[in-house]
Each structure stands twice: as structure tokens, then as C-alpha cells.
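Here is a short briefing to read with the model open beside you. It goes topic by topic, so feel free to jump to the part you need.

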Amino acid sequence: MKGEIMKQPLRITIGGIAWMLASSIVIAPTPGAAAPRYAGTITGFFDSPVLSGDFLQAGTRLRVSQDNRITTVGSGIGTSSITWGDNSGATLAPSTVTFTGNSFSDVASGQVFPLGTLTYFNGTNSPPSLIFGVTMHLSAGDGIMPFTGPVAIVSTQNGSSDRVADADLLHFSNFEVPSTLGAFEGMAVTAVIFGRIAGESQLEITSIGLAEGQADHGCVDEAPLVDSTPPCASACGDFCAAITLALAGPLCGNEQLPAVLNRRLDQARHLLWQVSGTDSERKAKKRVTLVMKQLRRSVAIARRAAKKGRISAACAEAVVRAVGNAQSQTEPWLLAAPAQQG
């Protein structure tokens with residue numbers, strides 16, 4: 001659906017800090033047991049298209065029912081790249097979702113690592129050509145139970161005034177952190193999917209975040225999907241996109257962090273998820289302040305752990321550097337004019 005690209009409003013894009021936290025956490029093995037290590041390549045495909053559902057009206061964002069069991073136009077079902085939409089007479093191509101898997105090696109059980117990328121192109125679609133969801137399957141190789149989960153596709157009629165309000169959405173309800181990926185009109189946005197191999201060799205998806213350089217193409221919300229609210233229209237400013245770049249990726253490679261440091265990072269991660277769900281700048285600033293307090297404490301813990309030989313000096317320095325980058329990005333916003341009370 002086509003719309004005019006205009007200035008993007010303030011929004012929350014806190015994926016970078018969340019990536020840092022999630023990528024740092026490794027579940028400790030049972031004492032005395034040999035920790036399994038994994039290697040392979042992530043593969044994926046989409047099937048089971050949902051051909052009846054709702055799209056959102058322009059402006060009101062009210063749901064409009066549509067039955068496209070006869071009229072849907074698409075291709076690629078059963079592959080890693082699906083396309084849908086009828087762009088007859090339009091200048092843009094139809095919408096597309098493509099998964100590209102990563103190779104991985106020496107990954108510990110419970111270690112969060114990047115599984116691959118998901119690229120979502122928001123093309124031209126008439127209501128009779130829409131699909132409303134698919135099932136995503138990701139596999140990590142023999143002996144590992146694959147991930148299977150629904151992907152809701154929420155298309156928005158375009159008001160041709162606001163690229164965020166006109167964004168089309170992919171919603172992932174059964175990720176560990178339920179998340180929504182929004183692609184601005186006429187844009188292809190790429191996001192990184194993070195996961196782990198845990199328990200009885202089960203592939204799990206933990207989170208999704210924008211890839212480097214994608215802040216002008218789309219956004220990610222780590223919060224329940226709400227029809228009445230445009231994606232990523234929350235209380236934190238555009239500076240959060242810079243945090244995504246500063247803190248993306250694993251901190252310490254395959255090193256297992258001490259349990260106390262894992263707990264501290266986990267507490268900060270949960271606070272971040274709360275930030276993503278608020279549209280109050282006052283509440284957002286309060287929670288981001290708490291996040292940074294937890295992260296600064298994690299620096300002290302990492303330094304002590306390095307002195308005791310529990311982690312490498314390089315790992316401790318990676319924690320220090322990542323937290324410092326986060327602080328340099330958050331301080332200007334936290335020190336700006338006080339938020340309105342209420």
C-alpha cells in the first residue's frame with residue numbers, strides 16, 4: 001500500500017540494548033554434565049497462508065474484514081521467500097518476506113545467537129490480493145527440534161501522510177518477547193532474528209531487532225500488537241536507533257557469564273520490555289534510568305569476574321564498552337527538558 005514518506009515521529013526502538021542483554025545470557029549446564037555444543041546452518045520456509053482476515057483502515061485503524069480465498073495473488077509458499085499482492089498498474093512490486101539463515105558453530109546450549117535475517121518489503125497490495133498470515137518454520141539441523149510459529153500479517157490502508165501510520169506489519173506472538181516488525185511504505189526493512197538451542201535440543205526464538213542501517217526503513221516494537229496505535233509510536237526518541245547500532249551483537253562470544261551477571265542483565269532486559277510498552281515519556285525516562293543503573297552494576301560485576309579469572313579481560317572490556325556506548329546515547333535524552341508530569 002502506497003503512502004508519502006514524511007518525517008517519522010518519536011518512537012521506541014530499543015532493540016540494541018535488548019540484543020546486548022539477550023546475546024549475553026547463557027544458561028549454565030547441570031553440574032557434572034558435559035555442555036553440548038552445536039554447529040550447522042539455520043534454514044527456514046513459510047507455509048499455511050491465511051487467506052481470510054482483516055486489514056486496517058487509513059486514519060481510524062479500524063479492522064475491515066476481507067475474504068480472499070479466491071482472489072489472493074501470491075507465490076513462494078513452501079519456500080524461504082513468499083510474495084503476495086496484485087500491483088497491476090502500480091510502480092511498486094508486490095510485498096515480500098524473505099528469510100536468510102546463518103551458519104553457526106561451537107554454540108553452547110542456551111546461548112543466544114543470530115539465527116538469520118528477515119527482510120520485509122512493503123509493496124503495493126489491493127485488499128482482494130492480501131494474505132493475513134503464514135506459519136514460519138526454522139530448523140537448525142538433525143537432532144534439533146525446529147521452531148514453528150505463526151506470523152500475522154497486518155496491512156494498513158494508506159493515508160498518504162505518515163509513513164509510520166501507513167506501515168504494514170508482521171507480528172510474532174510466540175517469540176519469547178512478542179514483537180512486531182513494521183515496514184514503511186515502499187521500503188524493504190531487514191531485521192535480525194535471535195534464538196537459542198535449549199532444553200531437549202529445541203530451537204527457540206528469543207527476539208528480533210533491526211539490522212544495522214535500517215532505522216529509516218522500518219521499526220520493531222517489543223510489545224503486544226495494538227491496532228489503534230501505529231507501530232513504534234512511543235515515548236522514546238530517535239536516539240534509540242543509534243543505541244541499536246552501538247549495542248547490537250554478542251558481547252563475549254562463546255564465554256559463559258557468571259550467574260550473578262546473567263541475573264543483572266536479565267533484570268535490565270525485562271525493564272526494557274516495559275519501556276517499549278509505554279507511551280508516557282515520564283515513565284519511559286524513569287525505566288530507562290533503571291535500565292542504565294542495572295547495566296552500570298553489570299560493569300562492576302564483569303570487572304570483578306575478570307580479576308578472579310571467571311571471564312576473560314576481553315569479555316569484561318566488551319561489557320564496559322557496550323554499557324558506555326548505551327550511556328552515551330541515553331544521557332542526552334535523559335538530561336533534556338523534563339517530561340510533562342501526569
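The notes below cover the sheet, the cores, two buried polar residues, the aromatic pairs and the salt bridges.

This is a predicted model. One good place to begin is an open sheet of six strands with antiparallel pairing. From there you can move to a nonpolar core of 36 residues, and then to the four aromatic pairs and six salt bridges.

**The sheet**

- The strand order is β5-β6-β7-β9-β14-β15, and the sheet is open.
- The edges are taken by β5 (74-75) and β15 (202-210); each has a single partner strand, so one side of each is left without a neighbour in the sheet.
- Within the sheet, β7 (residues 95-101) runs antiparallel to β9 (residues 113-121), and six bridges join the two.
- To find your way along this pairing, look for valine 97, whose bridge partner in β9 is tyrosine 120.

**The nonpolar cores**

- The largest nonpolar core holds 36 residues, and the ones with the most contacts inside it are Leu118, Tyr120, Met136, Leu170, Phe172 and Leu181.
- Leucine 118 makes a handy centre for a view of this region: beyond four places in sequence, its contacts include Phe46, Val97, Phe99, Leu170, Phe172, Leu181 and Ile193.
- A second core, separate from that one, has 20 residues, among them Cys252, Ile301, Ala316 and Val319.
- As background, nonpolar side chains in soluble globular proteins tend to be buried together.

**Two buried polar residues**

- Asparagine 122 sits in the loop between β9 and β10 (133-139), and its relative accessible area is 0%, so this residue is buried.
- The side chain of asparagine 122 comes to 2.9 Å from the backbone oxygen of alanine 183.
- Threonine 135 belongs to strand β10; with a relative accessible area of 19%, threonine 135 counts as buried because the cut-off is under 20%.
- Among the residues that threonine 135 contacts beyond four places in sequence are Phe45, Phe46, Asp47 and Ser48, along with Thr148, Gly149 and Pro150.

**Aromatic pairs**

- Four aromatic pairs turn up in the whole structure.
- Phenylalanine 104 and phenylalanine 113 have ring centres 5.1 Å apart and planes at 40°, so this pair is tilted; both residues are buried.
- Phenylalanine 172 and phenylalanine 175 have ring centres 4.6 Å apart and planes at 15°, so this pair is stacked; both of these residues are buried too.
- Phe147 joins Phe172 and Phe175 in a cluster linked by ring pairs.

**Salt bridges**

- The count of salt bridges is six.
- Arginine 69 pairs with aspartate 67, with 2.5 Å between the closest N and O atoms; arginine 69 is exposed at 60% relative accessible area, while aspartate 67 is partly exposed at 43%.
- Arginine 196 meets glutamate 204 at 3.0 Å, N to O; here the arginine is buried at 10% relative accessibility and the glutamate is partly exposed at 29%.
- Arginine 321 meets glutamate 317 at 4.0 Å, N to O, and both lie in helix α5 (residues 313-334), four residues apart, about one turn of the helix.
- Both ends of that helical pair count as partly exposed: arginine 321 at 46% relative accessibility and glutamate 317 at 42%.
- Shared partners join the salt bridges of Glu176, Arg196 and Glu204 into one network.

Conventions
Residues numbered from 1 in each chain as written. Predicted model: local features only at pLDDT ≥ 70, side-chain atom pairs only at ≥ 80, totals over all residues. Heavy atoms only, no water. Pairing = 2+ DSSP bridges. Buried < 20%, exposed > 50% of the residue type's maximum accessible area, 1.4 Å probe, protein only. Polar contact = N/O pair within 3.5 Å; in protein donor to acceptor, adjacent residues only side chain to side chain. Core = buried A, V, L, I, M, F, W, Y, C linked by side-chain atoms within 4.5 Å. Contact = heavy atoms within 4.5 Å. Phe/Tyr/Trp six-rings, centres within 6.5 Å; stacked < 30°, edge-to-face > 60°. Salt bridge = Lys/Arg side-chain N within 4 Å of Asp/Glu carboxyl O.
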